[in-house]
Amino acid sequence: MEDIMVDIGISVEKLSTLQRVLMFCLIVLSAYLLEFFCRKVIVKTIRTVTARTETKWDDYILNTKVLNCACHLICPVIIFFFLPLVLEQNPTLLFYAQKLITLYVLVICVMLVCALLGGFYEASAEEAGLQHHPLQGLSQMLKLIVIAIGVIIGISVLLDKNPIVILTGLGASAAVLMLVFKDTILGLVAGVQLSANKMLKVGDWIAIPSRNVNGVVTEVTLTTVKVRNYDNTIVTVPPYSLVSESFQNWRGMWESGARRVMRSINIDMNTVRFCTAEEMERYSAEPWHEGIETIGDREVNLKVFRHYLEHYITNHPHVDKSTLIMIRQLQPTPHGLPVELYFFTATTEWKRYEYIQADIFDHTLAVINEFGLKVFQSPTGDDISSLKLS
């Protein structure tokens, strides 16, 4: 070919340039064909093999994004090693071309490592033992570290300096960097604390009254925690505020399977009295009267009422019998004597829980007159009208 082109009349200088151009095109074409073969054949083969295995972690770690990023390294690496054959007579152009290719390879490597970290996060999210940890913030933290390392190495390649020198220069401006990335650094530290102490995970019901937060955690990232309130509004809270402030996590209640009821009714103290003989005879025939501690000859109607309520709640089919059940008096107030019902329902479902405690208090308010007691409530317009009529 050289002899034929010389015979045509092409000069030796032009022939040398044409040879290099053809050689470069051949190198690029070979590198592209090899990358195309890897993406179309090897990647699909690997994906088929991982899909047939029983384990799931290889499906996430060797996903299509990771394999494609690895394939993108083939073309620049081949060009980098064969480029000196083309530009051996132009060292300056070879120097800058290799720098650009090195930066491109560095970007692809950072993308590859970030894709691997994303695959590890998706694989760990499927593990039952790791689902209680906010791993998304940790994954974002590692990606941020990888990107920072890539930026430092890229700057060192452009300036032809040692990366340690770049780090030394950054150390002098650490105060400015801390000011600029304050939220990111605080979120990074808070995310590690939330993960290490198992304080929060996606799906937890949390409440922060000072920030109008009362709902389910939908996402935990490096800089934000997203909570969907029960009115379907989305509240974003910085992670460091959850560490520096106190918040209420209802996870323990959900895991226990029982939910507490602690409500009271106010008794009119003017209706508290000793039971009559007829009442005691009627009460003694009831099965719930067994086991009541008798002090003296007569019993107070409020004590008999409390004993009845404890028996009723203990035998209620939707009350958790393994938890504390207690009927107690609170400090008397100008609005009557509070009698508190303390027990746990056998379900944590919100709607079911509200219906169970409503049924119990409906029964309590309906049966209280059977013991000669009345519920205290402030006078209404009907009460005043009845006084005028009388």
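Here are some questions and answers about how certain labels are earned in this predicted model.

Residues are numbered from 1 along each chain as its sequence is written, and side-chain values use heavy atoms, with hydrogens and water left out. Because the model is predicted, local features need pLDDT of at least 70 and side-chain atom pairs count only at pLDDT 80 or more, while totals for chains, interfaces and linings use all residues.

Q: Why is cysteine 69 called buried?
A: Buried means under 20% relative accessible area, exposed means over 50%, and partly exposed is in between (1.4 Å probe, protein chains only). Cysteine 69 has 6%, so the label buried fits.

Q: What makes cysteine 114 buried?
A: Its relative accessible area is 16%. That is under the 20% cut-off, so cysteine 114 counts as buried.

Q: How do you know that cysteine 69 is in no disulfide?
A: A disulfide is a pair of cysteine sulfur atoms within 2.5 Å. The nearest cysteine sulfur to that of cysteine 69 belongs to cysteine 114, 9.1 Å away, and that is too far for a bond. The whole structure holds zero disulfides.

Q: Why is threonine 271 called buried?
A: This residue sits in the loop between β6 (259–267) and α13 (277–284). Its relative accessible area is 13%, so it falls under the 20% limit.

Q: What makes the link from threonine 271 to aspartate 268 a polar contact?
A: A polar contact is a pair of N or O atoms within 3.5 Å; within protein, one must be able to donate a hydrogen and the other to accept it, and residues adjacent in sequence count only if both atoms are side-chain atoms. The side chain of threonine 271 reaches the backbone oxygen of aspartate 268 at 2.6 Å, so the distance is inside the limit.

Q: How do you know that β3 and β4 pair?
A: Strands (E, at least two residues) are DSSP runs, as are helices (H or I, at least four), and both are numbered from the N terminus. Two strands pair if DSSP finds at least two bridges between them. β3 (residues 225–229) and β4 have four bridges, in the antiparallel sense, so they pass. Lysine 226, for one, stands opposite threonine 236 in β4.

Q: What makes β4 and β5 edge strands?
A: The open sheet of five strands runs in the order β4-β3-β2-β1-β5. β4 and β5 (248–249) each have a single partner strand, so one side of each is left without a neighbour in the sheet.
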